[in-house]
Amino acid sequence: MGKKVLVIGEQREGTLRNVTFEAIAAAKTISGDGEVVGVLCGSEDLSSLGQEMVAYGADRVITVSNEALKQYTSEGFGQAIMAVIQDENPEGILMGHTAIGKDLTPKLASKLETGLISDATVVEETGGNFVFTRPIYSGKAFEKKIITDGVIFATIRPNNIPALDKDESRTGEVTAKDVDVKDIRTIIQDVIRKTSEGVDLSEAKIIVAGGRGVKSSEGFEPLEELANVLGGAVGASRGACDAGYCDYSLQIGQTGKVVTPDLYIAVGISGAIQHLAGMSNSKVIVAINKDPEANIFNVADYGIVGDLFDVVPKLIEEMKQIGV
Ligand code: FAD
């Protein structure tokens, strides 16, 4: 029998995050011939974003627009989404494993008195159960989890479950719901974005990451150029961040962002276990390092032993020539 699955969409400044579409695809696996219902919160008219969720496979979408939802707060979004959950009574709830997803979903799960599977990379049906695969021990192993009782509630790691193709001919109702959002104790004075330009690191398909071997903030410029040529984002090791070569918002690893791009180019990064925790599940890893014994080569699919200051400019030239 089909299930009703709610997908909590996420938008930033009027653009839906890709992981919303990936969560819709995962929800389709669970819903079977049931229904995938999207929910979106914000302060403006969200109907066109709702239609976009429909184009990516949602059967219908509920939008909650309220001035109190202009900025994310767990209290405000929690109230709005709980109101939708109470109306809809879904059997499954999915959201992206993003900063907001990580903050909001445990609170919702505790209100619903259900379990939460966080950071799932695969969702599949086995013997009537929905099995979620998630990395453990900093990505060194994977565990499979099921929720046997209560709402099936999970967050989905970005860049792992392919979204359905966008199809503008899909139809579905987008309805606005009024929620009296009140008693918000958190006051957001200002939002300062450190990486407002370019591709979002956690959703980037290509990442060029620099380490301490890059030697200075100027040393990051060729990496930025390579990332631009490839249409990717720049990341960094903690070594590079600690040395002041780049902002901590770029840090990848155990205490930074966890990424799973299609292509990860590690430049002047030794491959410490804490760095690998954030990137070792990338689909293809290329390492550039002058030390042939560097640990990064143990996880790399392709390795270039050489001086990054020679190799990176050559790569940029080559990529430009072949017109990537
Ligand atoms: P290094 O280890 O110094 O490596 C620099 C590399 O550059 C070397 O391999 C060298 O051969 C190469 N190199 C130098 N010059 C050149 C050149 N001209 N051309 C080519 N190659 C060159 N680290 C993270 O990255 N992310 C985390 O989230 C993180 N969390 C941590 C949490 C804890 C609790 C702890 C204790 C540590 C954490 N670390 C983390 C730090 C981690 O242990 C390493 O210290 C760090 O990853 C090293 O960064 P690096 O590889 O850039 O620097």
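These exercises walk through one predicted model, each with a worked solution.

Residues are numbered from 1 along each chain as its sequence is written. In this predicted model, local features need pLDDT of at least 70, side-chain atom pairs count only at pLDDT 80 or more, totals for chains, interfaces and linings use all residues, and side-chain values use heavy atoms, with hydrogens and water left out.

**Exercise 1. Overall form**

Task: Find how many helices and strands the protein has, and check its radius of gyration against that of a compact globule.

Solution:
- Start with the elements. The protein has nine helices and 17 strands. Helices (H or I, at least four residues) and strands (E, at least two) are DSSP runs, numbered from the N terminus.
- Next, take the radius of gyration. It is computed over C-alpha atoms, and the globule rule is 2.2 Å times the number of residues to the power 0.38. For 324 residues a compact globule would come near 20 Å; the protein has 21 Å, so the two agree.
- Then take the extents. The C-alpha trace spans about 60 × 50 × 40 Å along its principal axes.

**Exercise 2. Surface, contacts and charge**

Task: State what share of the residues is buried, how much area is exposed, and how far apart the mean positions of the charges are.

Solution:
- Of the 324 residues, 50% count as buried. Buried means under 20% relative accessible area, exposed over 50%, and partly exposed in between (1.4 Å probe, protein chains only).
- The protein exposes about 15600 Å², and carbon and sulfur atoms supply 47% of that area. Areas come from the Shrake-Rupley method with a 1.4 Å probe; for residues, only the protein chains shown count as cover.
- Look at contacts with a separation of 6 or more. Residues 24 or more positions apart account for 65% of them. A contact means heavy atoms within 4.5 Å.
- Finish with charge. The mean positions of the 31 positive and 46 negative charges are 5 Å apart. Lys and Arg count as positive, Asp and Glu as negative; His and the chain ends are not counted. Each charge is placed at NZ of Lys, CZ of Arg, CG of Asp or CD of Glu.

**Exercise 3. The largest core**

Task: Describe the largest nonpolar core and say which element gives the most to it.

Solution:
- A nonpolar core is a set of buried Ala, Val, Leu, Ile, Met, Phe, Trp, Tyr and Cys residues joined through side-chain atoms within 4.5 Å.
- The largest one has 30 residues, and Ile30, Met53, Leu94, Phe132 and Ile156 have the most contacts inside it.
- Elements that each supply at least two residues include β1 (4-8), β4 (35-42), α2 (47-55) and β11 (152-156). The top contributor is α1, with seven residues.
- Apart from this core lies another, of 26 residues, among them Leu226, Val229, Tyr245 and Met319.

**Exercise 4. Around α2**

Task: Which residues of α2 are buried, and what does methionine 53 contact?

Solution:
- In α2, the buried residues are Leu49, Gly50, Met53, Val54 and Ala55.
- Set aside neighbours of methionine 53 within four places in sequence. Its contacts then include Val7, Leu16, Ile24, Leu40 and Val61.
- Just after α2, glycine 57 takes a positive phi of about 120°.

**Exercise 5. Two neighbours in β9**

Task: Are phenylalanine 132 and threonine 133 buried or exposed?

Solution:
- Phenylalanine 132 is in strand β9. Its relative accessible area is 0%, so it is buried.
- Beyond four places in sequence, phenylalanine 132 contacts residues including Ile30, Leu94, Ile117 and Ala154. Lysine 144 is 12 residues away along the chain, with C-alpha atoms separated by 5.5 Å.
- Threonine 133 lies in β9 too. At 8% relative accessible area, it is therefore buried. Among its contacts, again leaving out residues up to four places away, are Asp119, Thr121 and Phe142.

**Exercise 6. Positive phi outside glycine**

Task: Where do asparagine 89 and aspartate 183 lie, and what phi does each take?

Solution:
- Begin with the background. Most residues other than glycine have a negative phi.
- Asparagine 89 sits in the loop between α3 (74-88) and β6 (92-96). Its phi is positive, about 50°. It counts as exposed because its relative accessibility is 62%.
- Aspartate 183 is in the loop between β12 (173-177) and β13 (206-210). Its phi is also positive, about 55°. At 65% relative accessibility, aspartate 183 counts as exposed.
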